[in-house]
Amino acid sequence: MNSNADRSSPPEVLVFVGGTAILPDRLLADAVVICRDGWIESIGQSQPIPEASQVVDLGGNYLSPGFVDLHVHGGDGADFMDGDEEAVRTAATAHLRGGTTTLLPTSTTGSPQRIHRMIDACESISRESSEQFTATSPQDRSAVLPHVPGIHLYGPFFADGKTGCHDRDARRDPEPDEYRSYFDRDFVRVATCAAELPGAESFYRLAAAHECLITCGHSNSSWTEMQAAFDAGMRHVDHFWCAMSSVPSLRARFQVPMQASMTEFVLMNEEMSTEVIADGCHLAPELLEFAYRMKGPERLCLVTDANRAYGMPPGEYVFGHRESGCHFFSDANVGWTLDRTSLASSVQGMHHMVSHFAKVTSATLPDVIRMASLTPAQRVGIDAQTGSLTAGKRADLLVLDAGLQIQQIYVQGRQV
Ligand SMILES: [Zn+2]
């Protein structure tokens with residue numbers, strides 16, 4: 001049960017009826033979902049409703065678990081790399097509006113000092129989030145925060161030539177003194193490093209010791225380098241097809257015989273997971289369908305990879321820290337490099353990724369929701385607390401209409 005619950009007040013029982021619950025493996029019609037003190041107590045079809053409950057009639061809508069985003073940079077004008085609490089609060093709250101009830105703020109290229117400041121600010125908001133419903137900090141519904149169980153250490157260990165929209169001059173090889181200082185904070189839950197960089201294996205081994213989801217991204221690595229990375233604990237690849245190697249890109253590096261790339265390694269290895277940016281701008285429908293069919297809902301995550309332009313009008317913005325980051329342009333559908341030749345990450349929330357994926361692929365509704373909730377939670381190792389409608393987990397819930405538009409949002413049983 002919730003150790004943070006205010007024991008002096010009567011138990012708050014919240015019951016959802018009159019709709020369909022989206023479970024990881026099926027839809028449950030006429031569901032009765034009972035939540036107590038912010039935690040899911042039971043899920044069934046014909047269980048008695050406890051006295052003095054607050055009953056929410058779903059009116060035929062869906063009840064979904066809240067979304068979990070393991071790759072997200074910012075929103076509403078703020079980037080997590082801005083490194084102050086106000087920016088973290090702004091960006092996190094922006095994504096709550098898109099149904100994300102748990103997120104892993106994602107760093108990018110920046111000095112060690114900037115990355116430490118980003119971790120400081122995220123830790124502080126994480127603490128605020130986990131204490132927001134306790135008796136000592138009275139609930140203020142206008143200021144509900146999503147859960148922040150840790151950060152995604154994403155930049156700066158990118159391969160030269162694969163930095164994408166990130167500052168090329170600010171990429172660097174992993175040096176133990178630097179990355180140890182991040183892992184020592186015990187707040188890194190996802191760790192990215194390009195597999196071909198000198199020192200990558202030591203980075204992966206330390207990340208594994210800290211029980212991170214270890215990912216290879218912004219990389220031009222070969223099958224052989226991926227195998228070495230896998231042996232050191234790497235299990236995930238950032239934004240599939242974006243800023244990663246392919247057979248032709250490796251031919252440019254190694255000539256012949258042609259070599260298998262990150263793509264083949266992920267598709268052939270059942271233990272590998274990956275993620276897609278399903279905003280409709282990065283990947284065509286057939287690639288989303290292909291990723292779903294090849295990896296399945298237990299190994300494919302939906303991420304937003306959203307930058308600070310999410311929730312903002314079209315215009316020029318900065319990726320990363322507001323003073324030292326890279327400029328890009330948002331047309332309010334997607335980010336572009338200033339010369340408009342490449343994409344520069346997304347400007348959409350998770351609700352958009354979920355409804356687009358459901359619309360253009362053959363994935364079932366439980367599978368689409370699973371890829372935005374339980375699968376990322378499992379990969380990050382937080383699925384005991386959140387990620388599905390399961391008794392014993394936090395009541396992080398969404399009410400979705402038939403078009404999968406968000407009608408209501410609950411964080412730990414509190415409506416936002
Ligand atoms: Zn990113």
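## Exercises on annotated sites and helix packing

Histidine 239 counts as buried because 22 C-beta neighbours lie inside 10 Å (buried: 20 or more other C-beta atoms within 10 Å of its own; exposed: 12 or fewer; partly exposed: in between; C-beta atoms placed from the backbone). The model is predicted, so local features need pLDDT of at least 70 and side-chain atom pairs count only at pLDDT 80 or more, whereas totals for chains, interfaces and linings use all residues. Residues are numbered from 1 along each chain as its sequence is written.

**Exercise 1.** Determine which residues the UniProt annotation "binding site" covers, and characterise the surroundings of each.

*Solution.*
Step 1. According to the unreviewed UniProt entry, the annotation covers His218 and His239 (positions in the numbering used here, feature names shortened, annotations possibly inferred rather than shown by experiment). The two are spread over 22 residues of sequence but cluster in space, with a largest C-alpha distance of 9.1 Å.
Step 2. Histidine 218 occupies the loop between strand 12 (213-216) and helix 5 (223-231) (DSSP runs numbered from the N terminus: helices are H or I with at least four residues, strands E with at least two). Histidine 218 is buried, because 27 C-beta neighbours lie inside 10 Å.
Step 3. Neighbours within four places in sequence aside, the contacts of histidine 218 are Phe158, Ala159, Lys162, Thr163, Gly164, Ala194 and Ala243 (contact: C-beta atoms, placed from the backbone, within 7 Å).
Step 4. Histidine 239 sits in the loop between strand 13 (236-237) and helix 6 (247-254). With neighbours within four places in sequence left aside, the contacts of histidine 239 are Gly217, Glu275, Val276, Ile277, Val303 and Asp305.

**Exercise 2.** Establish whether aspartate 305 is buried or exposed, and where in the fold it is placed.

*Solution.*
Step 1. The unreviewed UniProt entry annotates Asp305 as "active site".
Step 2. Aspartate 305 belongs to the loop between strand 15 (300-303) and strand 16 (315-319).
Step 3. Its 27 C-beta neighbours inside 10 Å are why aspartate 305 counts as buried.
Step 4. Beyond residues up to four places away in sequence, aspartate 305 touches His71, Val72, His73, His239, Ile277, Ser345 and Ser346. Thus His239, covered by the "binding site" annotation, is among the residues that aspartate 305 touches.

**Exercise 3.** Describe how helix 3 packs against helix 4.

*Solution.*
Step 1. Helix 3 (residues 176-183) and helix 4 (residues 200-209) meet at an angle of about 15°, their axes being 11 Å apart (axes: lines fitted to C-alpha atoms over the stretch in contact; angles: 0 to 180 degrees between N-to-C directions).
Step 2. Helix 3 is therefore roughly parallel to helix 4 (roughly parallel: under 35 degrees; roughly antiparallel: over 145; roughly perpendicular: 65 to 115; oblique: the rest).
Step 3. Pro176, Tyr179, Arg180 and Phe183 of helix 3 form the contact with Ser202, Phe203, Leu206 and Ala207 of helix 4.

**Exercise 4.** Describe how helix 1 packs against helix 2.

*Solution.*
Step 1. Helix 1 (residues 85-97) and helix 2 (residues 112-130) pack at about 60°, with axes 8 Å apart.
Step 2. Helix 1 is therefore oblique to helix 2.
Step 3. Glu85, Ala87, Val88, Arg89 and Ala92 in helix 1 meet Ala121, Cys122, Ser124 and Ile125 in helix 2.

Definitions and conventions. Contact = placed C-beta atoms within 7 Å.
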